[in-house]
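Thanks for sharing this one. Here are a few notes to read alongside the model.

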Amino acid sequence: VQLQASGGGLVQPGGSLRLSCAASGSIASIDVMGWYRQAPGKQRELVASITKGGSTNYADSAKGRFAISRDNAKNTVYLQMSSLKPEDTAVYYCNAYLLPRWDTTWGDYWGQGTQVTVSS
């Protein structure tokens with residue numbers, strides 16, 4: 001099982017970016033998918049998550065600016081980020097709580113991280 005994140009980059013304050021993360025491999029089912037971020041010297045924190053049914057949860061810092069969505073047919077989760085601020089600068093990691101076909105245990109799987117830098 002692999003999670004491949006993409007879409008990071010350098011953007012000016014007030015700009016927008018869209019992150020994507022596709023889960024691939026021998027997957028039986030995916031429950032929650034989400035995005036976390038980790039800034040230098042800080043702990044990894046939840047940005048947003050979405051259930052298979054479409055229920056969403058956002059960190060206070062993301063509410064009103066970020067939107068999470070997913071395509072269950074493609075096992076892909078997206079994070080549309082708008083009105084970006086310098087404090088949004090971090091490595092963004094995607095996460096999926098899923099059941100591999102070869103196992104009977106659900107587990108957390110992580111993507112490799114994508115850098116988002118907000119700077120003028």
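What percentage of the 120 residues of the chain count as buried?

1. The answer is 40%. Please keep in mind while reading that this is a predicted model.

2. On secondary structure, the chain has 11 strands and zero helices, so the pattern along the sequence reads β-β-β-β-β-β-β-β-β-β-β. The radius of gyration is 14 Å, close to the 14 Å that the globule rule gives for 120 residues, so the chain is as compact as a globular protein of that length. Its C-alpha trace spans about 45 × 25 × 20 Å along the principal axes.

3. Contacts across the sequence deserve a mention: among those with a separation of 6 or more, 55% join residues 24 or more positions apart.

4. Now to the interior. The largest nonpolar core holds 29 residues, and W35, V47, F66, L79, M81 and Y92 touch the most other members. Several strands give two or more residues to this core, including strand 1 (2-6), strand 4 (27-38), strand 5 (45-50) and strand 8 (76-81). Strand 9 gives the most, with five residues.

5. V47 is a nice place to start looking. Leaving aside neighbours within four places in sequence, V47 is in contact with W35, Y36, R37, N57, Y58, A59, A62, F66, L79 and Y92.

6. Finally, the surface and charges. The accessible surface comes to about 6,200 Å², with 46% belonging to carbon and sulfur atoms. The chain carries 11 positive and 8 negative charges, and their mean positions are 5 Å apart.

Technical notes: Residues numbered from 1 in each chain as written. Predicted model: local features only at pLDDT ≥ 70, side-chain atom pairs only at ≥ 80, totals over all residues. Heavy atoms only, no water. Helix = DSSP H or I, 4+ residues; strand = E, 2+ residues; numbered from the N terminus. Rg over C-alpha atoms; globule rule 2.2 N^0.38 Å. Buried < 20%, exposed > 50% of the residue type's maximum accessible area, 1.4 Å probe, protein only. Contact = heavy atoms within 4.5 Å. Areas by Shrake-Rupley, 256 points an atom, 1.4 Å probe, with all protein chains shown as cover. Lys, Arg positive; Asp, Glu negative; His and termini not counted. Charge placed at Lys NZ, Arg CZ, Asp CG, Glu CD. Core = buried A, V, L, I, M, F, W, Y, C linked by side-chain atoms within 4.5 Å.
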